[in-house]
Amino acid sequence: MQTLRELVASNPASGPTVTVIGGGVAGMSAACALAEVDFRVQLIERRGYLGGRASSYLHPGVNEVIDNCQHVLFGCCTNLLGFYRRIGAADRIHWTSEMTMIEPGGRRSTLGPSPLPAPLHGLPKLLSAHAFTIADKAALARAFKAMIKLGTADDPGEKLSNWLRRHKQTTGAIERFWRLVIASALNADLDTIAVPYAAKVIRELFMNSAEAGAMGMSSVPLSELYASAAEFLTQHNAKVLLNGKVESLSWDGPAGKWTIETRTGALTSDYVVVALPFEAMGKLLVHMPAAKGAETLANQIAQHQHWPICSVHLWFDREITELKHAVLLDREIHWMYNKGLLQPWRKLNGSYIELVQSASRRFAALPREQAIAQALAELAEFFPATKDARLEKAVLVKEVTATFGVPPRIDEARPSVKSPWPNLYLAGDWINTGWPSTMESAARSGHLSAEALGAYAGKSLQCFEPDLKPHGLMRFLSQSSARR
Ligand SMILES: Cc1cc2nc3c(=O)[nH]c(=O)nc-3n(C[C@H](O)[C@H](O)[C@H](O)COP(=O)(O)OP(=O)(O)OC[C@H]3O[C@@H](n4cnc5c(N)ncnc54)[C@H](O)[C@@H]3O)c2cc1C
């Protein structure tokens, strides 16, 4: 990592420079792809570490390294996985194909693949799941079938809650599947989710193939995972400037160069990739030159809304379950991750459990003690051993600007990577990738932006990873999802 002065002084005189603003997954994936084909890349990040909304830190209150929240990925996250392969981090992901659902009281059901061809591979376990009645299962099968062919152009104005009513979903199917699995994957209420986004999650996670639906979790803290990106950049002669909040951008037309003003000084660049979340892009926009289309971009940004995610981190003096992770039904906490088992290098004497509440506006408003007490009480309903265990320490993390929502017609407010300014490209999870607010959307935007910049600058650059092909019968049933 370098200071701004070292960064300016160390840049050799030849070859086009690209400045990537924002060190989240979008910025890192764009920077690494560009550095690999010999652009002189400089990555500027406001904070003292890379990772953005997917990062970890030493929590001073408990003296433990924790993620800002458990992040999961799936086999269908082709661009995120391509980025991990590029930086040498792909082998740090723990994969599982089974999802254990637990009812209060402890009764378990397991969803997961069988040898049947897609999309039937998940059917045997769904049919034997105690969590759903026969009517729930029939309703889910009907809805899955209807969602096979739904594309992004279908029903752009319909809310998922309405679609579920039209497709006669039972209360059990809504509460235990749609609200829990789908609304939590999209981190929003059923009332504010556009149907094509729900259909995309259903197809990718449950129908296209067992490979696409496999779930991955990092076996190291997120910042350690993304430290591989910093190493990759250094090995490719790129520069990383931390604690470098960008405050304004100006364009010198005759020289064909951008000047980037940071809190600690200025640097120039031939090209820029702005890889910021929508709200930070909105703040920077007013400190950028006037351009035709900038107002449209500002209007698009104004249409986005944040959704919170909370996580409760608990350290006990003993194990309370042998499960590595589980979906918890009918309560406010949704997901349990047994971090001690997922990250065995922690060598704990007891256990470290992380509980996640998605789309948790009510939970996010609770005071710390109350939120932790509620999470503990709910946990004990699923894992009775919690009652005998001693809680040694606890942390509540509230991320109130975790993700953006995907309400009907949101795609109209998601710009492409091409910006209204010359030599400047956009990236970030909110770019129009067709994916919800995820690390995959961020990596897609980074790769699309790097490819567009490379093509404009006359460098051959292919980093965008295509979608996985559906398997089995899904090869004939599904529409191929378009590359944007
Ligand atoms: C609690 C939580 C749980 C989540 N769970 C999941 C999950 O399970 N799976 C999943 O796929 N996704 C999950 N997400 C979403 C995922 O983290 C984001 O979609 C993704 O990380 C966004 O990456 P990004 O690069 O687009 O933006 P960011 O990660 O926000 O990166 C932007 C970077 O720009 C920097 N920056 C801002 N302003 C400036 C400036 N002026 N100058 C320089 N730098 C600046 C920021 O500090 C930040 O590092 C979760 C998010 C949160 C918060």
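In the predicted model, P119 is located in the loop that runs between strand 8 (108-111) and helix 4. The peptide bond between A118 and P119 is cis, with an omega of about 10°. Most peptide bonds, by contrast, are trans.

P119 also belongs to the lining of the second largest pocket, where P119, G122, L123, F144 and F206 are the residues closest to the centre among the 28 that line it. The volume of this pocket is about 510 Å³. Two or more lining residues are given by each of helix 4 (123-127), helix 5 (134-147), helix 8 (195-207) and helix 9 (210-213). Of these elements, helix 5 provides the largest share of the lining, with 4 residues. Sorted by class, the lining of the second largest pocket comprises 19 nonpolar, 7 polar and 2 charged residues.

A further backbone feature concerns N237, a residue placed in the loop between helix 10 (222-235) and strand 10 (239-241). The phi angle of N237 is near 60°, and thus positive although the residue is not glycine. Most residues other than glycine have a negative phi.

The ligand is surrounded by 34 residues, of which E45, R53, H71, V72 and D429 are the closest. Polar atoms of the protein approach the ligand at several points. At V72, a backbone N or O atom lies 2.8 Å from an oxygen atom of the ligand. D429 places a polar side-chain atom 2.7 Å from an oxygen atom of the ligand. At V246, a backbone N or O atom is found 2.9 Å from a nitrogen atom of the ligand. The ligand taken alone exposes 1000 Å², and 94% of that area is buried by the protein.

With regard to secondary structure, helix 2 (25-36), strand 19 (391-404) and helix 16 (439-457) are the elements that each contribute two or more residues to the shell around the ligand. At the level of domains, at least three residues of the shell are drawn from domain 1 (4-54 + 221-305 + 408-457), and at least three likewise from domain 3 (306-404). The composition of the shell around the ligand by class is 15 nonpolar, 12 polar and 7 charged residues. For the lining of the second largest pocket, the corresponding counts are 19 nonpolar, 7 polar and 2 charged residues.

Terms used. Residues are numbered from 1 along each chain as its sequence is written. This is a predicted model: local features need pLDDT of at least 70, side-chain atom pairs count only at pLDDT 80 or more; totals for chains, interfaces and linings use all residues. Side-chain values use heavy atoms; hydrogens and water are left out. A residue is near a molecule or strand if one of its heavy atoms lies within 4 Å of it. A polar contact is a pair of N or O atoms within 3.5 Å; within protein, one must be able to donate a hydrogen and the other to accept it, and residues adjacent in sequence count only if both atoms are side-chain atoms. Accessible areas come from the Shrake-Rupley method with a 1.4 Å probe; for residues, only the protein chains shown count as cover. Ala, Val, Leu, Ile, Met, Phe, Trp, Tyr, Cys and Pro count as nonpolar, Asp, Glu, Lys and Arg as charged, and the others, Gly among them, as polar. Domain bounds come from an automatic or database domain assignment. On a 1 Å grid over the protein atoms alone, a cavity is a set of points where a 1.4 Å probe fits but cannot get out, and a pocket is an open set with protein on both sides within 12 Å along at least five of seven lines; lining residues have an atom within 4 Å of a point. Grid points are joined across faces, edges and corners, and a volume is the space filled by probe spheres set on the points.
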